[in-house]
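Reader: I would like to go through the charged pairs of this model and ask, for each label, on what grounds it is given.

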Amino acid sequence: YYIFSFVLATDTDVKNESLPSVQQLGVEMTVRYGKYLNLLKEHAENDLCFMLMNCEKFLKQQQRTVVSSLCCLQERYAGYDWFASSVFLIMSGDREKTLTFLQRFSRLLVSAFLWLPRLHKSMHLPITTVESGIHPVYFCSAHHIEMLLKAELPLVFSAFHMSGFTPSQISLQWISQCFWNYMDWSEICHYIAICIFLGPDYQIYMCISVFRHLQQDILKHTEA
């Protein structure tokens, strides 16, 4: 990947430019969760908005211009940036440390798998992949999760098949949200650290281990 530098927005820019409703809701949830964990102080909301705006400006330097009617291929990333928000909490709300980490982290291959907005309309992807609107995590990580699940946990795989709901769908949900609302904060930190230090394939192993942990509940719900 190429190396880009941040052209930082100012606090005034943050006040003058409003975030989309999805982003605003995500900011509120992040700040509420961060205060619950005693990781954030006052004015954390402004600092988080500042960080997210600068992340968007940074990533925009690496995006293609794509003309498409797909909502996911509009100018902004369609969802909320849960990974950047997770790093913001890990850094205890220090926006400069968060931006410095993300800039350096973006040079690593694993950033493509953990930081989903990283590859939004990215120039590093073939144009056909970009135009499809399908994130590489779906046909890489999620695909391998289904293959391993079929081999390692055939009963769970069959339960999903019978329900008409694929394991890749829920896996992509977990991954895109960095397991927020699914795992405790310490476990989320372990997930991020393990994938960074040991490689993006551990993202797959993590999802398989969660399915294994939930196996009895999944089978019970299938019977019911």
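The exchange below takes up the salt bridges and then one helix residue.

Author: This is a predicted model, in which local features need pLDDT of at least 70 and side-chain atom pairs count only at pLDDT 80 or more, while totals for chains, interfaces and linings use all residues. Residues are numbered from 1 along each chain as its sequence is written, and side-chain values use heavy atoms, with hydrogens and water left out.

Reader: How many salt bridges does a search of the whole structure find?

Author: The search finds three, where a salt bridge is a side-chain nitrogen of Lys or Arg within 4 Å of a carboxyl oxygen of Asp or Glu.

Reader: Why is the pair of Arg-95 and Asp-47 called a salt bridge?

Author: The closest N and O atoms of Arg-95 and Asp-47 are 3.2 Å apart, and because the limit is 4 Å, the pair qualifies. Arg-95 lies in helix α5 (residues 95-105) and Asp-47 in helix α3 (residues 44-60), so the salt bridge ties together parts that are 48 residues apart in sequence; helices here are DSSP runs (H or I, at least four residues), numbered from the N terminus.

Reader: What makes Arg-95 buried and Asp-47 partly exposed?

Author: Buried means under 20% relative accessible area, exposed over 50%, and partly exposed in between, with a 1.4 Å probe and protein chains only. Arg-95 has 15% and is therefore buried, whereas Asp-47, at 21%, is partly exposed.

Reader: Which residues are linked with Arg-95 in a network of salt bridges?

Author: The network links Asp-47, Arg-95 and Glu-96, since the side chains of Arg-95 and Glu-96 also meet in a salt bridge at 3.2 Å, N to O. Glu-96 is partly exposed, with a relative accessible area of 41%.

Reader: How do you know that Arg-212 and Glu-152 form a salt bridge?

Author: Their closest N and O atoms are 3.6 Å apart, which is within the 4 Å limit. This pair links distant parts of the chain, with Arg-212 in helix α12 (residues 201-213) and Glu-152 in helix α8 (residues 136-152), 60 residues apart. Arg-212 is partly exposed at 43% relative accessibility, and Glu-152 is partly exposed at 44%.

Reader: Why is Thr-98 called buried?

Author: Thr-98, found in helix α5, has 0% relative accessibility and therefore counts as buried. Leaving aside neighbours within four places in sequence, Thr-98 is in contact (heavy atoms within 4.5 Å) with Met-51, Ala-84, Val-87, Phe-88 and Met-91.

Methods
Helices (H or I, at least four residues) and strands (E, at least two) are DSSP runs, numbered from the N terminus.
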